[in-house]
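Trainee: Before we look, could you promise to explain each label as we meet it?
Mentor: Gladly; here is the structure.

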Amino acid sequence: MKTRHLLLAGAVALALSACGKTEAPADAPAADAPAATAAAEAPAPATAPAEAAAAPAASKPAVVANCATTLEADDAMKYNADSITVPASCTQFTINLKHVGTMAANVMGHNVVVAKEADMAGIAADGAADPATHVKAGDTRVIAHTKVVGGGESASVSFDVAKLKDGGPFKFFCSFPGHLALMQGSIQVQ
């Protein structure tokens with residue numbers, strides 16, 4: 001444990017020293033001196049207030065056309081969208097999932113599950129034992145789900161839009177173990 005702390009302390013010290021001002025060496029050519037002096041005299045960039053740094057990222061809605069959308073998932077455990085708005089005129093809706101990463105399904109697999117927000121954690125926990133879908137067979141809390149796909153693979157699921165009209169809020173998410181915290185978004189009908 002002490003070794004870890006020493007390594008961490010060393011890494012922090014190295015990172016902090018890299019962020020400090022750099023001085024021109026005494027034997028540096030005169031041409032470099034004005035640039036070094038200007039850099040040393042330049043005001044430090046203003047830092048954003050803590051509230052701004054903690055603000056949530058901008059929303060990334062999915063593109064919806066013809067009662068369907070395509071979500072992309074990657075090796076960094078991210079979907080390319082954090083919300084889906086289903087047109088009220090749709091009776092069926094299709095989500096196409098495309099894994100744009102390179103890692104295999106058993107290592108960095110992704111799926112899309114649609115359910116009530118309140119049921120997400122239970123669905124993910126109960127589905128952990130099924131490596132093909134990471135959804136428990138017959139789970140009535142699940143509105144729709146795809147199979148788990150790996151890099152370069154795709155899957156689709158279609159479902160009845162009426163299931164999203166009452167009892168929400170509803171979410172889409174990845175139920176692969178450990179992915180729920182980062183891979184989720186809202187889905188609603190408008």
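Mentor: Helices (H or I, at least four residues) and strands (E, at least two) are DSSP runs, numbered from the N terminus, and histidine 110 is found in the loop between α4 (105-108) and β5 (113-116). This is a predicted model, in which local features need pLDDT of at least 70 and side-chain atom pairs count only at pLDDT 80 or more, while totals for chains, interfaces and linings use all residues. Residues are numbered from 1 along each chain as its sequence is written, and side-chain values use heavy atoms, with hydrogens and water left out.

Trainee: Why is histidine 110 called buried?
Mentor: Buried means under 20% relative accessible area, exposed over 50%, and partly exposed in between (1.4 Å probe, protein chains only); histidine 110 has 0% relative accessibility, so it counts as buried.

Trainee: What makes cysteine 67 and cysteine 90 a disulfide?
Mentor: A disulfide is a pair of cysteine sulfur atoms within 2.5 Å, and the sulfur atoms of cysteine 67 and cysteine 90 are 2.0 Å apart, which fits that rule. By this rule the count comes to one disulfide.

Trainee: Why is this disulfide called left-handed or right-handed?
Mentor: The torsion about the S-S bond of cysteine 67 and cysteine 90 is about -90°, so the disulfide is left-handed.

Trainee: How do you know whether cysteine 67 and cysteine 90 are buried or exposed?
Mentor: Cysteine 67, with a relative accessible area of 25%, is partly exposed, whereas cysteine 90, at 4%, is buried.
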